[in-house]
Amino acid sequence: MLILNFFKTNKIVQNTFSKWMIICLAVGILSGTVAAFFFTTLNWVTIFRMTHPKILYCIPIGGLLIGVLYHYKGKDIVKGNNLLLEEYDKPKKKIPLKMVPFIYIGTLITHLFGGSAGREGTAVQMGGAIADQFSDLFNLTENERRTILLLGISAGFAAVFGTPLAGALFALEITFHSAFSKKSLVLSFIVAYIAAYTVSFWNVSHTHYRIPTYFTWNIINFVWLALVSILFGLVALLFAHATHFWNLFFSKTIAFPPYRPMIGGVLLVIIIVCTNTQSYEGLGIQQIQGAFYTPADPFAFLIKIGLTSLTLGAGFKGGEVTPLFFIGATLGSALAVFVPLPISLLTAVGFVAVFAGATHTPIACAVMGLELFGFDAFFYVLVSCSIAYFASGTKGIYSAQILNGPKIKMYKKFKTIVLDFL
């Protein structure tokens with residue numbers, strides 16, 4: 001209580017500039033530190049799973065544990081990233097701090113037993129929950145609380161991928177059509193860099209991707225790039241629909257929530273064992289890296305869509321972004337057999353373009369391409385992300401995301417034309 005009164009009454013702390021610098025430092029350092037610890041422990045459980053492959057048979061038990069944990073103690077945080085977006089749009093009550101340990105434990109269980117999931121959702125939720133704890137501490141207004149939630153998203157994303165520019169832009173872009181604040185523009189970049197460098201301070205490294213070759217720009221290559229980008233957008237749409245389908249399927253057919261991930265786990269065991277697809281468990285980083293050099297299995301992206309949508313739709317925890325990287329990278333790599341463009345470039349643009357389509361954040365994804373693959377690749381990924389964004393429809397992986405802008409207007413106009421024609 002003394003600490004709370006100090007922050008609410010101290011003039012230096014309450015000064016606008018000082019207040020937000022303190023908040024950015026606190027949120028960035030805490031989010032980066034928690035993310036670094038998460039990465040380390042996630043690596044441990046991944047190594048354990050890979051050296052003990054039969055642990056896959058225990059995934060129904062892991063699913064039941066996650067289901068019980070969230071059903072009895074975490075009903076108010078089960079929405080995850082969607083809860084952050086809902087609170088940003090219409091602030092009601094503070095995000096409970098328990099979201100941090102719950103999503104952390106749930107994600108480790110998912111990866112330990114072989115679920116096909118990502119990790120960015122975990123980092124973003126931890127960052128958002130940590131950031132929102134400062135709302136009372138600094139006596140923030142409703143609009144200021146929106147800003148601090150955005151800072152948590154920015155810090156979490158930047159920390160998980162080591163891409164501060166993309167992290168800041170992702171937070172701004174995903175909330176842009178809700179209640180955008182100009183104040184957030186600069187603060188989002190500040191907190192993203194603090195979070196990213198905090199992870200580096202703890203000597204935790206991020207996955208590195210590099211494009212070994214590029215191609216000469218001409219109209220023919222542009223046409224091929226546009227065509228594959230449309231396909232990337234359609235695949236992003238397929239992934240979004242698949243995830244929502246499984247979520248709706250389990251919620252409608254299984255009344256008791258803890259049984260949903262348990263039965264989903266049974267299905268995962270059956271599918272993985274029968275199809276011999278153990279390599280699709282977890283993040284799939286090795287497959288992503290290999291896709292830059294060797295054409296991927298033409299069905300790899302479909303298998304990953306199926307397993308990840310089932311994993312997340314059943315109620316396991318983690319994230320969608322790294323699986324989207326996997327889907328886009330392996331699809332682009334497989335297309336190199338038919339498309340006369342370098343395999344490394346197709347893999348790179350697929351890597352970010354499918355993500356752009358699924359999250360409706362083309363600018364952030366293009367900048368991520370810049371940070372991951374270098375400046376020479378930026379123009380190509382910008383074109384591909386933009387086309388995939390428009391081709392991916394109006395359904396994304398975050399149901400609470402507010403969508404607007406030129407794409408939505410274009411689809412509304414198209415719908416009107418079709419209805420008038422019919």
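## A buried salt bridge between helices

Glu144 is buried, with a relative accessible area of 13%. The model described here is a predicted one. Glu144 forms a salt bridge with Lys19, and the closest N and O atoms of the two are 2.9 Å apart. Because Glu144 belongs to helix 9 and Lys19 to helix 3 (residues 16–51), the pair ties together parts that are 125 residues apart in sequence. Lys19 is buried as well, with a relative accessible area of 6%. The cut-off explains both labels: a residue counts as buried when its relative accessible area is under 20%.

## Other salt bridges

How many salt bridges does a search of the whole structure find? The search finds eight. One of them joins Arg146 and Glu142, with the closest N and O atoms 3.8 Å apart. Both residues lie in helix 9, four residues apart, which is about one turn of the helix. An α-helix has 3.6 residues a turn, so residues three or four places apart point the same way. The two partners have different degrees of exposure: Arg146 is buried at 11% relative accessibility, whereas Glu142 is partly exposed at 47%. In addition, Glu87, Asp132 and Arg145 are joined into one network by salt bridges that share partners.

A further salt bridge is formed by the side chains of Lys79 and Glu86, at 3.3 Å from N to O. Glu86 is partly exposed, and its relative accessible area is 32%.

## Helix 5 and its surroundings

Is helix 5 (residues 81–89) largely enclosed or largely open? Seven of its nine residues are buried, so helix 5 is largely enclosed by the rest of the structure. The buried residues are Asn81, Asn82, Leu83, Leu84, Leu85, Glu87 and Tyr88. Glu87, listed here as buried, is also a member of the salt-bridge network with Asp132 and Arg145.

What do the buried residues of helix 5 pack against? Their partners are helix 6 (99–113), helix 7 (120–132), helix 9 (142–161), helix 10 (164–174) and helix 11 (176–179). Helix 9 in this list is also the helix that holds Glu144 of the salt bridge with Lys19, and it contains Arg146 and Glu142.

## A nonpolar patch on the surface

A nonpolar patch lies on the surface, with about 980 Å² of accessible area together. It is formed by Trp217, Ile219, Ile220, Phe222, Val223, Trp224, Leu227, Ile230, Leu231, Leu234 and Phe379. Which helix gives the largest share of the patch? Helix 13 (residues 219–253) does, with nine residues.

Ile220 is one of the patch residues, and it lies in helix 13. At 52% relative accessibility, Ile220 counts as exposed, because the cut-off for that label is over 50%.

## Cysteines without a disulfide

The structure holds zero disulfides. Why does Cys58 form no such bond? The closest cysteine sulfur to that of Cys58 is in Cys274, 17 Å away, which is too far for a bond. A disulfide needs the two sulfur atoms within 2.5 Å. Seen from the other end, the sulfur of Cys274 has its closest cysteine sulfur in Cys58, again at 17 Å and too far for a bond.

The surroundings of these two cysteines can also be described by accessibility. Cys58 is partly exposed, at 31% relative accessibility. Cys274 is exposed, with a relative accessible area of 65%.

How values were computed. Residues are numbered from 1 along each chain as its sequence is written. This is a predicted model: local features need pLDDT of at least 70, side-chain atom pairs count only at pLDDT 80 or more; totals for chains, interfaces and linings use all residues. Side-chain values use heavy atoms; hydrogens and water are left out. Buried means under 20% relative accessible area, exposed over 50%, partly exposed in between (1.4 Å probe, protein chains only). Patches are made of residues with over 30% relative accessible area and no salt bridge: like charges are joined within 9 Å, nonpolar side chains (Val, Leu, Ile, Met, Phe, Trp, Tyr) within 5 Å. Accessible areas come from the Shrake-Rupley method with a 1.4 Å probe; for residues, only the protein chains shown count as cover. A salt bridge is a side-chain nitrogen of Lys or Arg within 4 Å of a carboxyl oxygen of Asp or Glu. Helices (H or I, at least four residues) and strands (E, at least two) are DSSP runs, numbered from the N terminus. Contact means heavy atoms within 4.5 Å.
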